[in-house]
Amino acid sequence: MSLKTFLIGCLQQSRTNILNALLVNKVHTSTAFRKAEDRKEMLASLPTKDEGTAGEKSIDIDTLMGKKEKFFPDANTPTQLFNGIPFNELPICNIRVSPNNTIILFTDYKGVPRLIRSCGIEGFKNTRKGTNIAAQATAITVGGKAIELGWKTIRVKVRGLGPGRMSAIKGLQMSGLNIISITDNTPVSWNPPRPRKQRTL
């Protein structure tokens, strides 16, 4: 074996090793790039984050007032017709919200209870009862039952503070009910009990 053939063999061997190394690196970088693209697509397809009570869409009152629409009740509101039913004879949906649970109660206009549902009855346990998702799921279920009773147009009264306030109303709309008015009946104490003394650090 001559020196010339030996050198040519070594060069060919090193060339194939270099090409193999380049191919391996190329494949490796392309898979990493593909993973990054897949992650971007996944993040783009995710729904927007729902913050619950915080971050709800705000409405500019001044522009609505310029449209000359009636947003506040007056002396004629109780007799005003909605889908052929006077306002004061519409069924009422009472939503009782707390940090730990959400209770939705449907009554007729006289105040007789017809349907009741809470996040606990819906199947949510422990801390999950206090979430906005639980409130929305409960509202969709009870809204469907209200439609079975023949109610399409309702009034809503919300009482209390918690993550399920806006989500419960959203769930009632998603179930197909037409909400005419939303009243906030949260009790406010003007002379609350004395707060605890400050912690000493």
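## Rings and a charge

Two rings of Phe, Tyr or Trp (for Trp, its six-membered ring) make a pair if their centres lie within 6.5 Å. Going by that rule, this chain has two aromatic pairs. In general, a pair like this is described by how far apart the ring centres are and by the angle between the planes. One thing to know before going on: what you're looking at is a predicted model.

A ring can also have a charge over it. Here the charged end of Arg155 sits over the ring of Phe87, 4.9 Å from the centre of that ring.

## The overall layout

Let's step back to the whole chain. It has 201 residues, and 25% of them count as buried. There are five helices and seven strands, and reading along the sequence you meet them in the order α-α-β-β-β-β-β-α-α-β-α-β.

Take the contacts between residues at least 6 apart in sequence: 62% of them join residues at least 24 apart. As for the outside, the chain's accessible surface comes to about 15,400 Å², with 58% of that belonging to carbon and sulfur atoms.

## The nonpolar core

Which residues of the largest nonpolar core touch the most other members? They are Cys93, Ile95, Ile104, Phe106, Ile154, Val156 and Leu172, out of 19 residues in that core. Strands S3 (92–97), S4 (102–107) and S6 (153–159) each supply at least two core residues, and so do helices H4 (132–148) and H5 (165–174). The largest share is four residues, and it comes from H4. As a general point, nonpolar side chains in soluble globular proteins tend to be buried together.

Cys93 is a good one to click on. Leaving out residues up to four places away in sequence, Cys93 touches Ile104, Leu105, Phe106, Ile154, Arg155, Val156, Lys157 and Leu172. Why does Cys93 count as buried? Its relative accessible area is 0%, and buried means under 20%. Cys119 is buried too, also with a relative accessible area of 0%. The disulfide count for this model is zero.

## Helix H4 and Thr138

Thr138 has its place in helix H4. Is Thr138 buried or exposed? It counts as buried, because its relative accessibility is 1%. Setting aside residues up to four places away in sequence, Thr138 touches Ile104, Arg117, Ser118, Cys119 and Glu122.

## Helix H5 and its neighbours

Now over to H5. Its buried residues are Arg165, Ser167, Ala168, Ile169, Gly171 and Leu172. What do they pack against? The answer is S3, S4, H4, S6 and strand S7 (178–184). After H5 comes Gly176, which has a positive phi, near 110 degrees.

For a closer look, pick Ile169, found in H5. With a relative accessible area of 10%, Ile169 is buried. Its contacts, not counting residues up to four places away in sequence, are Ile95, Val156, Val158, Ile179 and Ile182. Take one of these partners, Val158: Ile169 and Val158 are 11 residues apart in sequence, and their C-alpha atoms are 9.0 Å apart in space.

## Out in the loops

Some residues in the loops are worth a visit as well. Asn83 lies in the loop between strand S1 (81–82) and strand S2 (85–86). Its phi is positive, near 55 degrees, in a residue other than glycine. Asn83 is exposed, with a relative accessible area of 61%.

Asn126 lies in the loop between helix H3 (119–122) and H4. Phi of Asn126 is positive, near 50 degrees, and this residue is not a glycine. Is Asn126 buried or exposed? It is exposed, because its relative accessible area is 65% and exposed means over 50%.

Last stop: Lys110, in the loop between S4 and strand S5 (113–118). Lys110 counts as exposed, at 64% relative accessibility. How far apart are the C-alpha atoms of Lys110 and Asn88? They are separated by 9.3 Å, while the two residues are 22 apart along the chain.

Key. Residues are numbered from 1 along each chain as its sequence is written. This is a predicted model: local features need pLDDT of at least 70, side-chain atom pairs count only at pLDDT 80 or more; totals for chains, interfaces and linings use all residues. Side-chain values use heavy atoms; hydrogens and water are left out. Buried means under 20% relative accessible area, exposed over 50%, partly exposed in between (1.4 Å probe, protein chains only). Contact means heavy atoms within 4.5 Å. Accessible areas come from the Shrake-Rupley method with a 1.4 Å probe; for residues, only the protein chains shown count as cover. A disulfide is a pair of cysteine sulfur atoms within 2.5 Å. A nonpolar core is a set of buried Ala, Val, Leu, Ile, Met, Phe, Trp, Tyr and Cys residues joined through side-chain atoms within 4.5 Å. Rings of Phe, Tyr and Trp (its six-membered ring) pair if their centres lie within 6.5 Å; planes under 30 degrees apart count as stacked, over 60 as edge-to-face and the rest as tilted. A charge sits over a ring if NZ of Lys or CZ of Arg is within 6 Å of the ring centre and within 35 degrees of the ring normal.
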